[in-house]
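Trainee: I've got a model open and I'd like to learn how to read it. Can we go through it feature by feature?

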Amino acid sequence: MLTDTQIHFAWKVLERLYPDAECSLDTDGDPFHLFVRAILSAQCTDKRVNEVTATLLTEYPDPSAFAKESEERLGEKIRTCGLYRAKAHAIIASSQMLVTSFGGQIPSDRRTLETFPGVGRKIANLILGEVFHEPAVVVDTHCGRVANRIGFSGSTVPQVIEKDLMTCFPREDWITLGHRLVAHGRTLCMARNPNCPGCPVREVCIYACSKFSDAEGTSHAGHS
Ligand code: SF4
């Protein structure tokens with residue numbers, strides 16, 4: 001784990017690199033649309049989800065439209081997002097729940113959100129942060145990998161990483177923190193071949209420290 005000084009340094013670098021980082025799923029102001037996009041984003045790129053939903057959410061603008069659809073027909077329309085049968089089931093079953101029990105409105109508490117099919121902690125956090133502006137860290141694959149490499153967390157388990165990030169950073173930074181770590185994971189700290197030589201976080205990054213110390217036979221700045 002990093003020291004407070006190193007955490008502060010890394011945060012300032014991320015802030016400088018990605019001052020305007022935001023959710024890369026399209027957000028048109030409709031909470032239900034983000035809910036659908038979030039379900040579709042499992043093991044799929046946000047770019048593909050945005051492409052598919054550009055037409056899908058015109059055809060099905062609200063929960064009542066999805067609630068009446070068959071899983072087979074919806075599955076065909078979202079096939080390119082992958083896991084389409086499970087996602088079609090989750091979207092239709094969730095829409096039916098929203099219509100019958102929630103007046104078509106997305107609920108604003110985590111416990112209720114997590115009762116919807118296809119909705120786990122990550123999606124619940126996304127909805128809480130983006131829709132209700134409630135501090136929450138969304139730990140997706142990029143965020144988790146980057147947080148672990150830099151040394152914000154020593155774990156690779158999303159729930160542990162989330163907890164560690166919540167300990168390292170003040171509540172007011174939680175939403176932005178997730179977006180900045182995702183941006184860094186797409187730009188410099190890719191899963192394969194992270195660009196450590198070109199990364200300004202390198203000075204405190206535990207992954208880079210261990211990698212380059214091993215290669216150079218020296219200890220990296222900031223770590224003993
Ligand atoms: S130094 Fe390398 S591993 Fe560390 S954050 Fe930068 S790109 Fe990722």
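Trainee: Let's start with Gln43. Is Gln43 buried or exposed?

Mentor: Exposed, because its relative accessibility is 75% and anything over 50% gets that label. Gln43 sits in the loop between helix 2 and helix 3. Keep in mind that this is a predicted model.

Trainee: What is the backbone phi of Gln43?

Mentor: Phi is positive there, about 50°, although Gln43 is not a glycine. Leu83 is another non-glycine with a positive phi, of about 45°. Leu83 belongs to the loop between helix 5 and helix 6, and with a relative accessible area of 45% it is partly exposed.

Trainee: How far should I trust the coordinates?

Mentor: Where pLDDT is low, don't read the predicted coordinates in detail. Here the chain averages a pLDDT of 94, and 95% of the residues score at least 70. The stretch to watch is residues 217-221, where the pLDDT is below 50; the model gives that stretch 11 contacts beyond near neighbours in sequence.

Trainee: Now the overall picture. How many helices and strands does the chain have?

Mentor: There are 12 helices and 0 strands. Along the principal axes, the C-alpha atoms fill a box of roughly 65 × 30 × 25 Å. Of the 224 residues, 49% count as buried. For contacts between residues at least 6 apart in sequence, 57% join residues at least 24 apart.

Trainee: Can you give me a pair to locate in that box?

Mentor: Try Glu76 and Ser210: they are 134 residues apart in sequence, and their C-alpha atoms are 47 Å apart in space. Glu76 lies in helix 5 and is partly exposed, at 48% relative accessible area. Then look at Glu134 and Asp109, which are 25 residues apart along the chain, with 9.7 Å between their C-alpha atoms.

Trainee: Where is Glu134, and what does it touch?

Mentor: Glu134 is in the loop between helix 8 and helix 9. Setting aside neighbours within four places in sequence, Glu134 contacts Ser108, Leu128, Gly129 and Ile175. Its relative accessible area is 35%, so Glu134 is partly exposed.

Trainee: How do I describe two helices that pack together?

Mentor: You give the angle between their axes and the distance between the axes. Take helix 9, residues 141-150, and helix 11, residues 174-187: they pack at about 85°, with axes 8 Å apart. That angle is why the two helices are called roughly perpendicular. Helix 9 brings His142, Cys143, Arg145, Val146, Ala147 and Ile150 to the contact, while helix 11 brings Gly178, Leu181, Val182, His184, Gly185 and Arg186. By type, these residues divide into 6 nonpolar, 4 polar and 2 charged.

Trainee: His184 is on that list. How buried is His184?

Mentor: The relative accessible area of His184 is 1%, so it counts as buried. Besides neighbours within four places in sequence, His184 is in contact with Leu14, Leu17, Tyr18, Val146, Cys189, Cys199 and Val201. Cys199 is buried as well, at 14% relative accessibility.

Trainee: And what does burial look like for a whole helix?

Mentor: Look at helix 8, residues 121-130: 7 of its 10 residues are buried, so the rest of the structure largely encloses it. The buried ones are Ile123, Ala124, Asn125, Leu126, Ile127, Leu128 and Gly129. They pack against helix 2, helix 7, helix 10 and helix 11.

Trainee: Can you show me a buried serine too?

Mentor: Ser95, in helix 6, is buried with a relative accessible area of 0%. Leaving out residues up to four places away in sequence, Ser95 touches Phe32, Pro63, Phe66 and Ala67.

Trainee: Back to the cysteines. How many disulfides does the structure hold?

Mentor: It holds 0 disulfides. To call one, you'd need two cysteine sulfurs within 2.5 Å. Check Cys23: the closest cysteine sulfur to its own is in Cys143, 13 Å away, and that is too far for a bond. Cys23 is also buried, with a relative accessible area of 13%.

Notes. Residues numbered from 1 in each chain as written. Predicted model: local features only at pLDDT ≥ 70, side-chain atom pairs only at ≥ 80, totals over all residues. Heavy atoms only, no water. Buried < 20%, exposed > 50% of the residue type's maximum accessible area, 1.4 Å probe, protein only. Axes fitted to C-alpha atoms, helices over the stretch in contact; angles between N-to-C directions. Helix = DSSP H or I, 4+ residues; strand = E, 2+ residues; numbered from the N terminus. Parallel < 35°, antiparallel > 145°, perpendicular 65-115°, else oblique. Contact = heavy atoms within 4.5 Å. Nonpolar A, V, L, I, M, F, W, Y, C, P; charged D, E, K, R; others polar. pLDDT = per-residue confidence, 0-100.
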